[in-house]
Amino acid sequence: MSATRQLSPVARLEQKTVVDLIGKGKRVDDRGALDYRPTTITLGVVEKANGSAQVYLGKTKVLAGVKIQPGTPFPDTPDEGILTVNAEFVPLASPTFEAGPPDENSIELARVVDRGIRESKAIDLKKLCIEPGKKVFMIFVDVYVLDHDGNLIDAAAMAALGALINAKMHAFKVEKGEPVYLEEIMPVPMQNYPVSITSVKVDGVTVLDPCLEEEQVMSCRLTVTTGKDDSLCAMQKGGLGFLSPDEIKQIVSTSISKARDLRAKMLSNVK
Amino acid sequence: MDNHKQVRLLDENGIRVDGRRFDELRPLKIEVGTLDKADGSAYVEHGRNKILAGVYGPREAHPKHIALADRAVIRCRYHMAPFSTDERKSPAPSRRELELSKVIREALEPAVMSEYFPRSTIDIFIEVLQADAGTRCAGITAAALALADAGIPMRELVAGCAAGKVDGKVVLDLSDVEDKQGEADLPVALMPKSNVVSLLQMDGSLTEEEFKQALDMSTDACRRIYEMQREALRQKYHVVKDEADKEEATEVNA
């Protein structure tokens, strides 16, 4: 069952400082309210994966790996490849992470990242069909959180996208319903580049890209994922607070322009 | 979806497959206090959705270590019955149900005055008996009433309703076909008195303008549902009062 979480004692002590600063228009790490932390993305960090990417978002560190293998399609999409996103909150990433089956937070993160990729139609899944109804390629995106300093969703979405852009597979032809791999290497067929932007509300003030201290004292967060033509493809509110319709519209508008910058920056680094 | 299976979701007059206008809600039926043992309960039919919500608590936190010193722990379980969908759904909780349990809890929790009951738990159970798109929103509508029915102090009620996009047009309260073949879905829960949104999710494809339109449409619908929730709560006490009146009358007659 989903249950209210206990705030860590350290976060309780820090709470007043973080809230006071934000109230004065400042932040714990000297950023402006709408500043994103420095972001770096490195592709191809794990050779055995079809694709991989490591993202630093400030001190948050996330690694994503893509594995591609043949499998059976879903009955309702017999001619489309399968996308699966999974997230692992590795216990070494935070004192609050525990080993074991995924909890609601990692499930939520994986599903929000999944929605961004799926709903923006980032991958042309039809091109991953081997034999309709029988065999298609399955793309597994596994997100590994390695260091948790806040805003895991944005970092995970960026790492997942980077790993997909980086992913290579053998080109194939189909003989008797089986894929025959060719010498030629091809990328995963990408047609959109979804970018997530998360804002949090702390004491009535909205700030972008929360660090861990801010996330722990937030009233709520809103993640907005947009595709390359600025269209919205996924959204998720989290946390125990609420937002007025005007606050939401403001956040959405800011997120769209921020995502545009971040996407351009990321694609220029990656290509 | 295959193209040949596609049905037209809007006709030339903008009327939807089930005959509704773009901003029309599906019929709602709300009953409060439908369960005997639960501290609070409510049953909601929203279109073909049939949803039962039960609340237990405030009660002793169990296991004890989950208790919070300054407020009640609120726990929530959203679950779909195996027979609620076209294909049988495994009764084991899916990743989707785990995510929805979390966002539903986060939608209801701001309305509950949990600080009155430190070291206790309030358990919310939502069972989807039949699913027809919009179950999380109808679940919130039902669960808010079950909490009120349990006599738990609340800042206000919470009402849920989705908007979305079908055939390029923003419409309210998607049905099953519209959800499966439509272009976007935007589930929203509203605390109507303070006009704040406590649940917001979205998937599909919307422009910023369409989003604003969909958000306004769904919050407006939440306000309409809120009036029905209040009426359903009052109704329960009318029934109680009617019964008391009847008893009084028989006593006078005797």
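Me: Why is B:Val17 called partly exposed?
Reply: B:Val17 has a relative accessibility of 43%. Buried would need a value under 20% and exposed one over 50%, so anything in between is partly exposed, and that is the class B:Val17 gets. This is a predicted model, by the way, so every value here is computed from predicted coordinates.

Me: Where does B:Val17 sit, and what makes a patch out of B:Val7, B:Val17 and B:Val177?
Reply: B:Val17 is in the segment before strand 1 (28–32) of chain B. For a patch, residues need over 30% relative accessible area and no salt bridge, and nonpolar side chains such as Val are joined within 5 Å. At 43%, B:Val17 meets the area cut-off. With B:Val7 and B:Val177 it makes up a nonpolar surface patch, whose accessible area comes to about 210 Å² together.

Me: What makes the patch at B:Asp242 negative?
Reply: Asp and Glu count as negative, and the patch consists of B:Asp242, B:Glu243, B:Glu247, B:Glu248 and B:Glu251. Take B:Glu243: its relative accessible area is 46%, and the patch rule asks for over 30%, so B:Glu243 clears that bar. That value also falls between the 20% and 50% limits, so B:Glu243 is partly exposed. You'll find B:Glu243 in helix 4 (residues 208–253) of chain B.

Me: How do you know whether A:Asp30 is buried or exposed?
Reply: The relative accessibility of A:Asp30 is 75%. Exposed means over 50%, so A:Asp30 counts as exposed. A:Asp30 is in the loop between helix 1 (9–23) and strand 2 (39–43) of chain A. Its backbone deserves a look too: phi is positive, about 65°, although A:Asp30 is not a glycine.

Me: What about phi at A:Asp230, and why is A:Asp230 put in its accessibility class?
Reply: A:Asp230 isn't a glycine either, and its phi is positive at about 70°. Its place is the loop between strand 12 (220–226) and strand 13 (232–238) of chain A. With 23% relative accessibility, A:Asp230 is not under the 20% limit for buried and not over 50%, so it is partly exposed.

Me: And why is A:Asp124 called buried?
Reply: Its relative accessible area is 17%, and buried means under 20%, so A:Asp124 qualifies. A:Asp124 lies in the loop between helix 2 (104–119) and strand 6 (129–131) of chain A. Its C-alpha is 6.4 Å from that of A:Gln191, with their positions 67 residues apart along the chain.

Me: What makes A:Arg27 and A:Glu214 a salt bridge?
Reply: The N to O distance between their side chains is 2.8 Å. The rule wants a Lys or Arg side-chain nitrogen within 4 Å of an Asp or Glu carboxyl oxygen, so the pair passes. A:Arg27 is in the loop between helix 1 and strand 2 of chain A, while A:Glu214 is in helix 4 (residues 212–217) of chain A, so the pair ties together parts 187 residues apart in sequence.

Me: How do you know whether A:Arg27 and A:Glu214 are buried or exposed?
Reply: A:Arg27 has 3% relative accessibility and A:Glu214 has 0%. Buried means under 20%, so A:Arg27 is buried, and A:Glu214 is buried as well.

Me: What makes a salt bridge of B:Glu99 and A:Arg115?
Reply: Their closest N and O atoms are 2.9 Å apart, which satisfies the limit of within 4 Å. The pair crosses between chains, running from helix 1 (residues 95–108) of chain B to helix 2 of chain A. B:Glu99 has a relative accessible area of 1%, so it is buried, and A:Arg115 counts as buried at 10%.

Me: How many salt bridges does this rule give over all chains?
Reply: The count is 53.

Me: Which peptide bonds are called cis, the one at B:Pro58 and the one at B:Pro63?
Reply: The bond joining B:Gly57 and B:Pro58 is cis, with omega about 0°, and B:Pro58 belongs to strand 3 (residues 49–60) of chain B. The bond from B:His62 to B:Pro63 is cis too, with omega near -5°. B:Pro63 is in the loop between strand 3 and strand 4 (73–80) of chain B.

Key
Residues are numbered from 1 along each chain as its sequence is written. Chains are lettered from A and ligands numbered from 1 in the order in which they are written. This is a predicted model: local features need pLDDT of at least 70, side-chain atom pairs count only at pLDDT 80 or more; totals for chains, interfaces and linings use all residues. Side-chain values use heavy atoms; hydrogens and water are left out. Patches are made of residues with over 30% relative accessible area and no salt bridge: like charges are joined within 9 Å, nonpolar side chains (Val, Leu, Ile, Met, Phe, Trp, Tyr) within 5 Å. Accessible areas come from the Shrake-Rupley method with a 1.4 Å probe; for residues, only the protein chains shown count as cover. The place of a charge is taken as NZ of Lys, CZ of Arg, CG of Asp or CD of Glu. Helices (H or I, at least four residues) and strands (E, at least two) are DSSP runs, numbered from the N terminus. Buried means under 20% relative accessible area, exposed over 50%, partly exposed in between (1.4 Å probe, protein chains only).
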